[in-house]
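Student: Could you take one helix of this structure and look at it closely, starting from a single residue and working outward to what surrounds it? I would like the account to go on to the neighbouring parts wherever they share contacts.

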Amino acid sequence: MNNTEENSEEKNDASPPKRIKDTSFQSAFSNLKKSEFFKEPSLNSTSETSNATTSGRTNAILVSPKQKGNPLLKFITNEKWEFSNIVPDYVMGRTTCALFLSIRYHQLNPDYIHERLKQLGNAYNLRVLLVQVDIADPHHVLKHLTRISILADMTIMLAWNVEDAGKIIETYKRYEVKSPDDIMERSDSAPHQKLVNALTTVRSVNKTDATTLLSTFSTLDSIVRAQPNNLALCPGFGLHKAQKLYKALHEPFLRTPK
């Protein structure tokens, strides 16, 4: 009886101990990878996300990798810029882009600009064709490029050196969020300037002539009453110019019916 009990106790002691459950992260993750709910992340989705994040930034000028080595980048000093995978050469705002073209390069590769315009399509509202004039006689080529710009709904801008080209890109970025009033012509409200502007509408009368007339006769009424020989005495005036001014000031505003 005692032997039987001892044997049973030995069997119980010999039985393997209970396995402690592995709750480590590595074990849990390895089990998850074997399940149907796990999917390996693709490299393409990661790159697309990073590109979208980069392209969505508006605090810097975006530059295409195709423009690496372009010396105009050295002259973009007042605005930040960074390389990004974009279709145009430069993006200066959410709705503004630019394609850069050297006339010398265009003469060697005339199909280049057409291919770039096909890639660009109808994207962006303000599309700039930035042309660097680097040949002696550009008139014929510029006429051709102007026609291309009109057909492609592009605004052509000319730069006579790389510094000008860089400053043009920089200026577009600077005015990205500016009001149109900053670049619109301001109307002069001073009475004297209004008189000068009115007199210069007469052909052959420039601003210097208008200022001379006002300093000599003081008022517009005196100028209107003056005879051509008196007007001709003003510096810079001859009898021919005086007669033209006199005729313009005394012609009726409405034509009399014949």
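Tutor: Ile 169 is found in helix α7, which runs over residues 162-174, and everything said about it here rests on a predicted model. With a relative accessible area of 1%, Ile 169 is buried, because that value lies under the 20% at which burial is set. Leaving aside residues up to four places away in sequence, Ile 169 touches Ile 61, Ile 76, Tyr 90, Met 92, Ala 98 and Leu 130. A further relation across the chain is that with Phe 75, which is 94 residues from Ile 169 in sequence, while the two C-alpha atoms are 9.7 Å apart in space. For the chain as a whole, among contacts between residues at least 6 apart in sequence, 57% join residues at least 24 apart.

The helix that carries this residue has 13 residues, and α7 reaches 18 Å from its first C-alpha to its last, close to the 18 Å expected at 1.5 Å a residue. Ile 169 shares its burial with other members of α7, since the buried residues of this helix are Ala 165, Gly 166, Ile 168, Ile 169, Glu 170 and Lys 173, a list in which Glu 170 and Lys 173 appear beside Ile 168 and Ile 169. What covers these buried residues includes the strands β1 (61-63), β3 (90-93), β4, β5 and β6.

Three of those strands lead on to another helix, as the buried residues of α6 pack against β4 (96-102), β5 (126-132) and β6 (155-159), and also against α4 (103-108) and α5 (112-120). Helix α6 covers residues 139-151, has 13 residues and reaches 19 Å from its first C-alpha to its last, close to the 18 Å expected at 1.5 Å a residue. Its buried residues are Val 141, Leu 142, Leu 145, Ile 148 and Ser 149; seen down the axis of α6, they fall within an arc of 120°, so they line one face of the helix. The general background is that an α-helix has 3.6 residues a turn, so residues three or four places apart point the same way. Turned away from the buried side, the opposite face of α6 carries the exposed residues His 139, His 140, Lys 143, Arg 147, Ile 150 and Leu 151, among them the hydrophobic side chains of Ile 150 and Leu 151 as well as the charged ones of Lys 143 and Arg 147. After α6 comes Asp 153, whose phi is positive, near 60°.

Helix α5, one of the elements against which α6 packs, can be read in a similar manner. Its buried residues are Ile 113, Arg 116, Leu 117 and Leu 120, and seen down the axis of α5 these fall within an arc of 100°, so they too line one face of their helix. The elements covering them include β4, α4, β5 and α6. Just after α5, Gly 121 takes a positive phi of about 65°.

The aromatic side chains deserve a separate word, for the structure holds two aromatic pairs. Trp 81 and Phe 83 form one of them, edge-to-face, at 5.3 Å centre to centre and with 90° between the planes. The rings of Tyr 105 and Tyr 112 have their centres 5.1 Å apart and their planes at 85°, so this pair is edge-to-face. Trp 81 is partly exposed at 31%, and Phe 83 is partly exposed at 34%; Tyr 105 counts as partly exposed at 38% relative accessibility, and Tyr 112 likewise at 23%. Phe 83 has a further partner in Lys 68, which lies over the face of its ring at 5.3 Å from the ring centre. Elsewhere, the charged end of Lys 241 sits over the ring of Phe 237, 5.3 Å from its centre.

As for cysteines, a search of the whole structure finds zero disulfides. Cys 97 is buried with a relative accessible area of 0%, and Cys 234 is buried at 4%.

To place all this in the whole, the chain has twelve helices and six strands, and buried residues make up 29% of its 258 residues.

Conventions. Residues are numbered from 1 along each chain as its sequence is written. This is a predicted model: local features need pLDDT of at least 70, side-chain atom pairs count only at pLDDT 80 or more; totals for chains, interfaces and linings use all residues. Side-chain values use heavy atoms; hydrogens and water are left out. A disulfide is a pair of cysteine sulfur atoms within 2.5 Å. Buried means under 20% relative accessible area, exposed over 50%, partly exposed in between (1.4 Å probe, protein chains only). Helices (H or I, at least four residues) and strands (E, at least two) are DSSP runs, numbered from the N terminus. The expected span of a helix is 1.5 Å times one less than its number of residues. The arc is that of the directions from the helix axis to the C-beta atoms. Contact means heavy atoms within 4.5 Å. Rings of Phe, Tyr and Trp (its six-membered ring) pair if their centres lie within 6.5 Å; planes under 30 degrees apart count as stacked, over 60 as edge-to-face and the rest as tilted. A charge sits over a ring if NZ of Lys or CZ of Arg is within 6 Å of the ring centre and within 35 degrees of the ring normal.
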